[in-house]
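Trainee: I would like a close look at one part of this protein, the largest nonpolar core. Please take me through it and then place it in the rest of the chain.

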Amino acid sequence: QVQLVESGGGLVQAGGSLRLSCAASGRTFSSYVMGWFRQAPGKEREFVTAISRSGTATVYADSVKGRFTISRDNVKNTVYLQMNSLEPEDTAVYYCAADFNTSWDTTTSATSAAYDYWGQGTQVTVSS
């Protein structure tokens, strides 16, 4: 069992930046592929980005590529999402997720079904 707690969400103007954090507890953090997903009002949850267990490999949704950066600190048991050049379309609840069981690959790790544990979410609102 692992517990995930997101923080860092808030209200920001278009073009601004936010950094989300997701603190994990309960099991060896480096055992998990970590991902970020988001869900906007009236829309399905969608993949944002994921990072491999060692942190050496990442994958991004096309919509955030070049603007968002995922990273992890396996000593602090935390995964981060640096979001730059934010757009109103980025407004959503952002969730971090942990995948214990599946091997890293850019297709599987972009699929919500691969993830075993989810945080409660943090709201990001981008005003125009």
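Mentor: What follows goes from the overall fold to the core, and then to two loop residues.

The model is predicted. Its secondary structure consists of 11 strands and 0 helices, so read from the N terminus the order of elements is simply β-β-β-β-β-β-β-β-β-β-β. The radius of gyration is 13 Å, close to the 14 Å that the globule rule gives for 128 residues, so the protein is as compact as a globular protein of that length. Along the principal axes, the C-alpha atoms occupy a box of roughly 40 × 25 × 25 Å. Of the 128 residues, 45% count as buried. Contacts that reach far along the sequence are common here: among those between residues at least 6 apart, 61% join residues at least 24 apart.

Now the core. The largest nonpolar core has 38 residues, and the members that touch the most other members are L4, M34, W36, M83 and Y94. At least two core residues each come from strand 3 (18-25), strand 4 (33-39), strand 5 (46-51), strand 6 (58-60), strand 7 (68-73), strand 8 (78-83), strand 9 and strand 11 (122-127). Strand 9 gives the largest share, with 5 residues.

Y94 shows what such a position looks like in detail. Setting aside residues up to four places away in sequence, Y94 touches E6, L20, W36, F37, R38, V48, F68, L81, M83, G121, T122 and V124. Two of these partners, W36 and M83, are also named among the core members with the most core contacts.

Next, the loop that follows strand 9. S109 sits between strand 9 (92-99) and strand 10 (117-118). Although S109 belongs to a loop, S109 is buried, with a relative accessible area of 0%. Beyond its neighbours within four places in sequence, S109 is in contact with V33, F47, A50, S103, W104 and Y115.

N84 offers a second loop position, between strand 8 and strand 9. N84 has 31% relative accessibility and counts as partly exposed, because that value falls between the 20% limit for buried and the 50% limit for exposed. Apart from residues up to four places away in sequence, N84 touches G16, S17, R67 and F68. F68 is also on the contact list of Y94. From N84 to Q1 the C-alpha distance is 32 Å, with their positions 83 residues apart in sequence.

Last, the surface. The protein exposes about 6100 Å², of which carbon and sulfur atoms supply 47%. The mean positions of its 10 positive and 11 negative charges lie 6 Å apart.

Methods: Residues are numbered from 1 along each chain as its sequence is written. This is a predicted model: local features need pLDDT of at least 70, side-chain atom pairs count only at pLDDT 80 or more; totals for chains, interfaces and linings use all residues. Side-chain values use heavy atoms; hydrogens and water are left out. Helices (H or I, at least four residues) and strands (E, at least two) are DSSP runs, numbered from the N terminus. The radius of gyration is taken over C-alpha atoms; the globule rule is 2.2 Å times the number of residues to the power 0.38. Buried means under 20% relative accessible area, exposed over 50%, partly exposed in between (1.4 Å probe, protein chains only). Contact means heavy atoms within 4.5 Å. Accessible areas come from the Shrake-Rupley method with a 1.4 Å probe; for residues, only the protein chains shown count as cover. Lys and Arg count as positive and Asp and Glu as negative; His and the chain ends are not counted. The place of a charge is taken as NZ of Lys, CZ of Arg, CG of Asp or CD of Glu. A nonpolar core is a set of buried Ala, Val, Leu, Ile, Met, Phe, Trp, Tyr and Cys residues joined through side-chain atoms within 4.5 Å.
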